[in-house]
Amino acid sequence: MPTLVKGLRGHRVVRVSAGLNHSAALTEDGRLFTWGASAHGNFGLGYALPRGAGCRTAPHPVGGALAGLRVVAVAAGFDFTLAATETGAAFSFGRSGRGRLGHGGAPAEQGHQVLPRQIEGLRGHLVVGLAAGSGHALALTAAGTVFAWGDDRLGQLGVERRRGGERDVARPRLVRTLDGTRICSVAAGEHHSCAVSDAAELYTWGGGHEGQLGHGPDIVRCAAPRRVQALRGVLVVGASAGYWHTLVVAHDGRVYACGLRTATGLGVPKGAASATFASAPADDGDYMMDDEVASFWPELVADIRVRLR
């Protein structure tokens, strides 16, 4: 049953974000609170809780480099957290590895960050939105451009690779394939990414063996942003990326879904647009049951209409 987070009483919360094992809340006055499990410093409080030590159930305000700054955006990922201030500065803290924090350095040099640290590679850019996946991250600027960094094994960054076999990008890199397209919002899933343009178009890229890209069964991996053609004629105003699925909100409040579904977990009935999977290729790190079903095309979620402000 939903339970009131009593530690936030007295604070007017305007945004929340849920990571793998921790949560974050942003208040109207720009304060950032975190709680949950923190084996890698994803609280941003200057310490990590050893595994097995339990969780911090009471939200605590994040200080350090964010002390006295007004935070306007937050994203919680796989044991790491991203935050952006009203001046457009972006910060990250928590679990390192695969370049997910965006601070650069060789893998052996990427220690866990227990306090907020500004992402130097985004200086000079006014960051207004953030998205945190499992091992990758996205930043949206006021100019409508997108930067990506972290794990790129399935092309979820959408950036040009260097040195041939590069799979991790430790510093923010511009998603150049979106040049000429002004982006309004971004979302990051386990191994895929989404962006909505000011023309109300949805772009997805990365790994899509479970159908979460929405490009159909013939395109299950995409290393560059690609418009979801199945949504032509639909004015997209928002998207959310889950572990193995994607949800899309249209201007009329209708909701579309694509990706992995078990027992109609997407909220859509089984139909002609579905296909039964065997296991995905081993190098993707995705494991699926034979009876799990995926929808490769965005489908309308019946009986749901979101009220837009």
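R98 is partly exposed, at 30% relative accessibility. That value belongs to a predicted model, as do the others below. R98 makes a good entry point to the charged pairs.

Its partner is D168, and the two form a salt bridge. The closest N and O atoms are 3.0 Å apart. The pair links distant parts of the chain. D168 sits in strand 12, residues 168–174. R98 lies in the loop between strand 7 (90–94) and strand 8 (113–118). In sequence, 70 residues separate D168 from R98. D168 has a relative accessible area of 26%, so D168 too counts as partly exposed.

The pair is also part of a network. Salt bridges link R98, D151, R153 and D168. In general, side chains of opposite charge can pair when their charged atoms come close.

Now turn toward the start of the chain. R12 forms a salt bridge with E28, and here the closest N and O atoms are 3.5 Å apart. This pair also links distant parts of the chain. R12 belongs to the segment before strand 1 (13–18). E28 is in the loop between strand 2 (22–27) and strand 3 (32–36). The two residues are 16 apart in sequence. R12 has 59% relative accessibility; the cut-off for exposed is over 50%, so R12 counts as exposed. E28 reaches 45% and is therefore partly exposed.

A further pair joins E120 and R123. Their side chains meet in a salt bridge, with 2.3 Å from N to O. E120 is partly exposed, with a relative accessible area of 48%. R123 is partly exposed as well, at 49% relative accessibility. The total for the model is nine salt bridges.

Next comes the interior. In soluble globular proteins, nonpolar side chains tend to be buried together. Here the largest nonpolar core has 17 residues. The residues with the most contacts inside this core are F80, L82, L122, V127, L130, A139 and W149. Which elements give two or more residues to this core? They are strand 5 (71–76), strand 6 (80–85), strand 9 (127–132), strand 10 (136–141) and strand 11 (146–151).

There is also a second core, separate from that one, with 16 residues. Its members include V146, V186, A195 and W205.

Notes: Residues are numbered from 1 along each chain as its sequence is written. This is a predicted model: local features need pLDDT of at least 70, side-chain atom pairs count only at pLDDT 80 or more; totals for chains, interfaces and linings use all residues. Side-chain values use heavy atoms; hydrogens and water are left out. A nonpolar core is a set of buried Ala, Val, Leu, Ile, Met, Phe, Trp, Tyr and Cys residues joined through side-chain atoms within 4.5 Å. Buried means under 20% relative accessible area, exposed over 50%, partly exposed in between (1.4 Å probe, protein chains only). Helices (H or I, at least four residues) and strands (E, at least two) are DSSP runs, numbered from the N terminus. A salt bridge is a side-chain nitrogen of Lys or Arg within 4 Å of a carboxyl oxygen of Asp or Glu.
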